Amino acid sequence: MAELADSVELAVSELVANVVRHVPDRRCALLVLRQTAGVRVEVADGSPQPPRVPTELSPEAEGGRGLVLLDAVVDKWGVGPGPGGGKTVWFECRPARPPGQTRGAGNHSW
């Protein structure tokens, strides 16, 4: 599982940064689950506002790349209802796969 550490660390950093930036009370719960086929992480907060994936992003934009980055470094991610009317953003990382296969790219679900 050590090979997943960088991806998991970066993805957790992005999700927690989104909570700090976009959730009024800046509170969240972080759950890390070790699975047979990798790692699943869930970040739950009290905001019902779903995360937005930008359709277009200016090269000069100072923000808006977090979920694009998340999609690039994890195998799957999505958003579901969270406790108390909020939301839970989750992702999964699995060990390396054969050459030619990429991470992310359309693996998220809403």
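Helix α1 passes helix α2 in a left-handed crossing, and this description, like everything that follows, is taken from a predicted model. The axes of α1, which covers residues 5-22, and α2, which covers residues 66-73, come within 10 Å and cross at roughly 160°. Because angles over 145 degrees count as roughly antiparallel, α1 and α2 are described as roughly antiparallel to each other. Besides this helix pair, the model holds four salt bridges, and several of the residues that form them are described below.

**The contact between the two helices**

- On the side of α1, the contact is made by Ser7, Leu10, Ala11, Glu14, Leu15 and Asn18, while α2 contributes Gly66, Leu67, Leu69, Leu70 and Val73.
- Sorted by class, the residues in the contact of α1 with α2 are seven nonpolar, three polar and one charged.

**A salt bridge between two strands**

- Lys87 and Asp45 form a salt bridge in which the closest N and O atoms are 3.0 Å apart.
- This pair links distant parts of the chain, since Lys87 lies in strand β4 (residues 87-93) and Asp45 lies in strand β2 (residues 38-45), with their positions 42 residues apart in the numbering.
- Are the two partners buried or exposed? Lys87 has a relative accessible area of 9% and is buried, and Asp45, at 7% relative accessibility, counts as buried too; the reason is that buried means under 20% relative accessible area.

**A network of salt bridges**

- Arg40, Glu42, Glu92 and Arg94 are linked in a network of salt bridges, and two of the pairs within this group can be described one by one.
- The side chains of Arg40 and Glu42 meet in a salt bridge, with a distance of 2.9 Å from N to O, and Arg40 counts as buried at 17% relative accessibility.
- Arg94 forms a salt bridge with Glu92, and the closest N and O atoms of this pair are 3.1 Å apart.
- The partners in this second pair fall into separate accessibility classes, because Glu92, with a relative accessible area of 12%, is buried, whereas Arg94, with a relative accessible area of 31%, is partly exposed.

Note on methods. Residues numbered from 1 in each chain as written. Predicted model: local features only at pLDDT ≥ 70, side-chain atom pairs only at ≥ 80, totals over all residues. Heavy atoms only, no water. Buried < 20%, exposed > 50% of the residue type's maximum accessible area, 1.4 Å probe, protein only. Helix = DSSP H or I, 4+ residues; strand = E, 2+ residues; numbered from the N terminus. Axes fitted to C-alpha atoms, helices over the stretch in contact; angles between N-to-C directions. Parallel < 35°, antiparallel > 145°, perpendicular 65-115°, else oblique. Left-handed = near helix turned anticlockwise from the far one by under 90°. Contact = heavy atoms within 4.5 Å. Nonpolar A, V, L, I, M, F, W, Y, C, P; charged D, E, K, R; others polar.
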